[in-house]
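Hi,

Here is the structure I promised to pass on. Could you have a look when you get a moment? My notes are underneath.

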Amino acid sequence: MCAADPRVVLGLHRSRHERQLLTGALDLGVTELDTSSNYLGFLSHEKLASTAADLLPQFRVSTKVGYFQTQGGVEHSLDPLRLRTGVQQAGRGLGREPDLVFLHNPEHSLQKPVSHGQDALAQACAALDDATTKGMCGAWGIASWDPSPLSGLINTTMPRPSVLMVRAGLLVGNRTLLAADALSAAWSLDDGMLWGMSPFGGSTNAPVWERVDPRVFLRDGGLSCVQAAFRAAYHLPQVRAIAVGTDEPAHLSELVDALTCEVDERVIREYRNLLPRAPRSQPV
C-alpha cells in the first residue's frame, strides 16, 4: 500500500478555470488545487481570483514558478531574483499567499555541465526556501517532468523541498521512475511528500488505453479501466497525492471513487521488474 489516505489534487493545466468545477471538487471533498504561473496564458492566478475568490480559502492552493513571459514569448529561468518575484506575483494574482510553490521543471535550465547545474539548482532552491521563510508562501517543492537530470545534482547542503512532484502512472518509463526514487532518497522524502501528475499521459482517450487492462493491478474488481489506471498510478512511483486535470466534475468523481480500491503490490513489483527489459521506444 502507498501512504495512508491517498489524495486527489485538482490540476488546472488544461482547465477552463470554471467555478462549477471548483464547487464540484469541494462537494467531492477535493480541497487541493494545483496551478502554475504560466497556465491559461499566464492568467491562471487572476482568473481564479476573479472567478472564485470566495472559494479559494477552502482550498490548499499550490502553484509553480520557473516559466516567464517575455516580449519574444516564454522562457525558463532559475534566476533567484526572478523566482522570488514570481512567488510575490503569484500571491498578488491569487489575492493570497500560495500554500505551496513548486520550482517548475528545473531540468529545463540544467543542460550545462554538472558543476554549473548543481550551483544553479542550489541557488534556485535557496530562493524558494527564503521566500517560504519570509512568508510569501507556506512551503516550497519541486515539480519535474523529467527528473533524470536532477538526480546527480543533489547534495546535503541544499535546502530540502517539502514536496516532490513527478509524472506517475503506467505510461511512465523506467528511467523516470528510477530518477524519482533517487531524488526522494537523496532528499530523504517519505511517501507523504511525493506527488504524481499526468497519470494518463495526457489523455484518457489515447489509443493505448484500448490495448491494456489496468484492472490487473487491483485486488478487487468493479472499477473501470480509467479508474484502475488512476489507482495504480499511486504506486508508479509511490506517491501520496496525484494532480489530475479535468473540466468535468463527473470525471473527478469517478477518480475519487477509485481511491477506495486496493492495489495488488505483488503485481506492481512484477511490473517494475519487467520495465528495464522494455523496448527503448518506451516513454522515459
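Below is what I found, first on a strand and its neighbours, then on the cysteines.

Bear in mind that this is a predicted model.

I started with strand E9, residues 194-197. Both of its faces are covered: Leu-194 and Gly-196 sit on one side, Trp-195 and Met-197 on the other, and all four residues are buried. That split is what you'd expect, because side chains in a regular strand alternate between the two faces of the sheet.

E9 has parallel pairings to two strands, E8 and E10. With E8 (residues 163-167) there are four bridges, and Met-165 stands opposite Trp-195 of E9. To get from E8 to E9 the chain goes through helix H6, residues 174-186, in a right-handed β-α-β crossover. With E10 (residues 241-245), E9 makes three bridges; there Gly-196 has Ile-242 as its bridge partner.

Now the cysteines. How many disulfides does the structure hold? Zero. Take Cys-137: its closest cysteine sulfur belongs to Cys-125 and lies 13 Å away, which is too far for a bond, because a disulfide needs the two sulfurs within 2.5 Å. Cys-225 isn't in a disulfide either, with the sulfur of Cys-261, the nearest one, 13 Å off.

And are these two buried or exposed? Cys-137 is buried, at a relative accessible area of 5%, while Cys-225 is partly exposed, at 25%.

Cheers

Key
Residues are numbered from 1 along each chain as its sequence is written. This is a predicted model: local features need pLDDT of at least 70, side-chain atom pairs count only at pLDDT 80 or more; totals for chains, interfaces and linings use all residues. Side-chain values use heavy atoms; hydrogens and water are left out. Buried means under 20% relative accessible area, exposed over 50%, partly exposed in between (1.4 Å probe, protein chains only). Two strands pair if DSSP finds at least two bridges between them. A crossover is right-handed if, with the strands pointing away from the viewer, the path from the first strand over the helix to the second runs clockwise.
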